[in-house]
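Reader: Before I rely on words such as buried or contact, I would like to hear how each of them is justified here. Could you go through them with me?

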Amino acid sequence: PAPRPGPEPLRVLIADGCAPSRAMLAAILTRLGASIVHEAPNGPAAQAVLQREQIDLAFIDRRLPDFD
């Protein structure tokens with residue numbers, strides 16, 4: 001029998017002004033099976049990722065720098 005295709009990769013955006021927080025969450029999500037993790041340190045960077053990538057799940061700091 002032909003091999004069954006695996007699940008689609010989970011594409012995640014982590015938008016947080018704190019680099020250690022982004023890194024910690026990215027490590028946890030990767031261990032849990034997230035395949036593609038994008039990080040953004042501020043609002044404009046997060047918006048750029050959202051415009052160019054298809055994101056399944058986003059973690060956004062509610063006090064993200066430069067984000068209205």
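**Helix 1 and Ala15**

Author: In helix 1, the buried residues are Arg22, Ala26 and Leu29, where buried means under 20% relative accessible area, exposed over 50% and partly exposed in between, with a 1.4 Å probe and protein chains only. This is a predicted model, in which local features need pLDDT of at least 70 and side-chain atom pairs count only at pLDDT 80 or more, while totals for chains, interfaces and linings use all residues. Residues are numbered from 1 along each chain as its sequence is written, and side-chain values use heavy atoms, with hydrogens and water left out.

Reader: What makes the buried residues of helix 1 line one face?

Author: Seen down the helix axis, they fall within an arc of 70°, so they line one face; the arc is that of the directions from the axis to the C-beta atoms. On the other side of helix 1, Pro20, Met24 and Arg31 are exposed.

Reader: What covers the buried residues of helix 1?

Author: The cover includes strand 1 (11-15), strand 2 (36-40) and strand 3 (57-60); helices (H or I, at least four residues) and strands (E, at least two) are DSSP runs, numbered from the N terminus.

Reader: Why is Ala15, in strand 1, called buried?

Author: Ala15 has 1% relative accessibility and therefore counts as buried.

Reader: Which residues does Ala15 touch, leaving out those up to four places away in sequence?

Author: With contact meaning heavy atoms within 4.5 Å, Ala15 touches Ala40, Ala46, Phe59, Ile60, Asp61 and Leu64. Ala15 and Ile60 are 45 residues apart in sequence, and 4.7 Å apart in space from C-alpha to C-alpha.
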